[in-house]
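Here are my notes for you to go through with the model open beside them. I've kept them as numbered points, so skip around as you like.

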Amino acid sequence: MLDSLLKEQSKFNWDAFYSERERPVPFFVNAPDENLVHYFKNNLLSSAGKILELGCGPGRNAIYFAKQGFEVDAVDLSKEALQWGSERAKEQNVCIHFMYKNIFELEIIDSDYDVIYDSGCFHHIAPHRRIDYVSLIQRALKPGGYFGLTCFVENGPLGGSDISDWEVYRQRSLKGGLGYTPEKLETIFKDLQVIEIRKMKDIEQPNECFGSSGLWTALFQKKNVN
Ligand SMILES: C[S@@+](CC[C@H](N)C(=O)[O-])C[C@H]1O[C@@H](n2cnc3c(N)ncnc32)[C@H](O)[C@@H]1O
């Protein structure tokens, strides 16, 4: 009921959004997030394993994980994005298991993943779905596994609406994507250990990495249960 109340949840057409590949959309570049590359260079993430990417779009970060030796499951609800991602993966000779699904309809095996990564999907998730989102991360991650996130800075250069959760339902809109603060992220993901929260670095294109200071980057670790 609440999903259908929100205009963008029911109407935003991601397939149309991805259908013109030449548009100057910053994240259409085929380069991984700078924070993700930083995690590997600084051994915050190291040994390969199994990774789930939520809202993978055309696969730029999934491709990077595959190149680091990970087994990659990458999910998105846009067929157009997944088609583009499959073409990119083929060109770069990497294997990715793309899944055409809503993240809330995934059939998850408990503790299946070493890493979960989300670049730009979470800020499109409605407040009433956050509980499901957090529970998906908690269930799907192995104890000691990592969750990496990039999301809009509140009132930042990329938008990042600062409206309250209540206003979301009153205005029936996420206003193009919700903005967050480090405090809000720490509260939402309070059962995870914070490894690092910082702004993404601005990176001029073309470059081997993507970066925009309109995004927070966060790396969390699932606590080991004794
Ligand atoms: C801003 S784009 C980011 C794409 C990609 N992660 C990147 O950085 O290039 C957000 C993506 O999340 C996907 N998405 C949004 N809500 C989703 C949901 N409930 N389930 C699966 N994918 C979703 C959209 O289709 C879109 O591709």
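1. Let me start with a question: is Phe17 buried or exposed? Keep in mind that this is a predicted model. Phe17 comes out at 17% relative accessibility, and the cut-off for buried is under 20%, so Phe17 counts as buried. Phe12 has a relative accessibility of 41%, so Phe12 is classed as partly exposed.

2. On to the aromatics, where the structure holds 23 pairs. One of them is Phe12 with Phe17: the ring centres are 6.0 Å apart and the planes sit at 55 degrees, so this pair is tilted. A second tilted pair is Phe189 with Phe220, at 5.3 Å centre to centre and 50 degrees between the planes. I'd look at where those two residues come from. Phe189 is in the loop between α9 (182-188) and β6 (192-199), while Phe220 belongs to strand β7 (residues 215-222), so the contact ties together parts that are 31 residues apart in sequence. Both count as buried: Phe189 has a relative accessibility of 2%, and Phe220 has a relative accessible area of 0%.

3. Which residues make up the aromatic cluster that includes Phe12 and Phe17? Besides those two, the cluster takes in Trp14, Tyr18, Phe27, Phe28 and Trp84. Trp84 also has a charged neighbour, since the charged end of Arg88 sits over the Trp84 ring, 4.5 Å from its centre. There is another arrangement of this kind at Phe210, where the charged end of Arg60 sits over the ring, 4.6 Å from the centre.

4. Now for the strands, with β2 (residues 71-76) as the place to begin. Of its 6 residues, 5 are buried, so β2 is largely enclosed by the rest of the structure. Strand β1 (residues 50-54) runs parallel to β2, and 5 bridges join the two. If you want to check the register, Leu52 has Asp73 as its bridge partner in β2. Between these strands the chain passes through helix α5 (residues 60-67), and this β-α-β crossover is right-handed.

5. What about strand β3 (residues 97-100): how many bridges join β2 to it? There are 4, and these two strands run parallel. Ala74 has Phe98 as its bridge partner in β3. To get from β2 to β3 the chain goes through helix α6 (residues 79-91), in a β-α-β crossover that is right-handed. Asp73, the partner of Leu52, stands opposite His97 in β3.

6. The largest pocket has a volume of about 1,000 Å³. It is lined by 44 residues, and the closest to its centre are Trp14, Gly120, Cys121, His123 and His124. Trp14 turns up here as well as in the aromatic cluster with Phe12 and Phe17. Which elements each supply at least two residues of the lining? They are α2 (7-11), α3 (14-19), α5, β2 and β5 (141-152). So that you can link the points: α5 is the helix in the crossover from β1 to β2.

7. A few backbone details deserve a look. Gln205 and Pro206 are joined by a cis peptide bond, with omega about 0 degrees, and Pro206 lies in the loop between β6 and β7. Asn155 is not a glycine, yet its phi is positive, at about 55 degrees. You will find Asn155 in the loop between β5 and α8, where it is exposed, with a relative accessible area of 55%.

8. Arg172 also has a positive phi, near 55 degrees, in a residue other than glycine. Its place is in the loop between α8 and α9, and Arg172 is partly exposed, at a relative accessible area of 43%. Gln171 sits in helix α8 (residues 165-171) and is partly exposed too, with a relative accessible area of 30%. How far apart are the C-alpha atoms of Gln171 and Leu6? They are separated by 8.3 Å, for two residues that are 165 residues apart along the chain.

Key: Residues are numbered from 1 along each chain as its sequence is written. This is a predicted model: local features need pLDDT of at least 70, side-chain atom pairs count only at pLDDT 80 or more; totals for chains, interfaces and linings use all residues. Side-chain values use heavy atoms; hydrogens and water are left out. Buried means under 20% relative accessible area, exposed over 50%, partly exposed in between (1.4 Å probe, protein chains only). Two strands pair if DSSP finds at least two bridges between them. A crossover is right-handed if, with the strands pointing away from the viewer, the path from the first strand over the helix to the second runs clockwise. Rings of Phe, Tyr and Trp (its six-membered ring) pair if their centres lie within 6.5 Å; planes under 30 degrees apart count as stacked, over 60 as edge-to-face and the rest as tilted. A charge sits over a ring if NZ of Lys or CZ of Arg is within 6 Å of the ring centre and within 35 degrees of the ring normal. On a 1 Å grid over the protein atoms alone, a cavity is a set of points where a 1.4 Å probe fits but cannot get out, and a pocket is an open set with protein on both sides within 12 Å along at least five of seven lines; lining residues have an atom within 4 Å of a point. Grid points are joined across faces, edges and corners, and a volume is the space filled by probe spheres set on the points.
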